[in-house]
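Biologist: I am new to this structure and would like a close look at one part of it. Please take the salt bridges and go through them in order.

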Amino acid sequence: MRFLMLLMVPLLSSSTVTTHLPGDELSRIEIYSAAARQYCVTHHFNSNYFFFADMHLHSGKNRFFIINMQNDSIIDAGLVAHGSCGPFFSATAIFSNEPGCACSYYGRFKVAGKYAGRFGNAYKLYGLDSSNSNAYKRNIVLHSYYEMPDNEIYPGHVCNSQGCPMVSKNFLKRLSSYIDASKKPILLWIVN
């Protein structure tokens, strides 16, 4: 089945999300979606939706996607920051599992544990692979930040995080509607 690019009206917004993905990117998402579907069923995760963040895309473009695994479609997309991996701005994502590095992680995460954090509501992330096994120890969470824009700013870049997948406040509200309604944990898969 060919992956569909369906960007629908977000649940908590009056505007639609626009993003432009080349065919090879849709093929990449399709491959990960098939693997995510199998993983979610085997490990008792939500098998309707998963979150996919493709950090090899430019940070000024939508690269965090809500994927509907039932009809192979992208139903929403937003910007996501990557870690600075040090004291200076990094235009591209660098990955490390080392504590204190401020780099991004890649791999599969269990999204769970909503709490009120320093930047508002946030969700704890549990690393499920050897590439992200220290995520919980490093306090890597899914959270919003006031400087994250709601819309694509390419060729500009978004700000860096300290390794967390950081999104806009409005996008986190849309993600929360899926997380909070789910009886099973939702999978977040970050790739490089």
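Which residue forms a salt bridge with D76, and how far apart are the closest N and O atoms?

Modeller: The residue is R174, and its closest N and O atoms to those of D76 are 2.6 Å apart. Please keep in mind that this is a predicted model. R174 lies in helix α2 (residues 169–181) and D76 in strand β3, so the salt bridge ties together parts that are 98 residues apart in sequence. R174 is buried, because its relative accessible area of 7% is under the 20% cut-off. D76 is buried as well, with a relative accessible area of 2%.

The search of the whole structure finds five salt bridges, and two others can be set beside this one. Helix α2 also holds D180, which forms a salt bridge with K114, with 2.9 Å between the closest N and O atoms. K114 is in strand β4 (residues 107–117), so this pair joins parts that are 66 residues apart in sequence. Here D180 is partly exposed, with a relative accessible area of 44%, and K114 counts as partly exposed at 42%.

Another salt bridge brings together the side chains of D72 and R37, at 2.5 Å from N to O. D72 sits in the loop between β2 (64–68) and β3 (73–78), while R37 belongs to helix α1 (residues 23–42); the two are 35 residues apart, and the pair links distant parts of the chain. D72 counts as buried at 10% relative accessibility, whereas R37 is partly exposed, with a relative accessible area of 27%.

Notes:
Residues numbered from 1 in each chain as written. Predicted model: local features only at pLDDT ≥ 70, side-chain atom pairs only at ≥ 80, totals over all residues. Heavy atoms only, no water. Salt bridge = Lys/Arg side-chain N within 4 Å of Asp/Glu carboxyl O. Helix = DSSP H or I, 4+ residues; strand = E, 2+ residues; numbered from the N terminus. Buried < 20%, exposed > 50% of the residue type's maximum accessible area, 1.4 Å probe, protein only.
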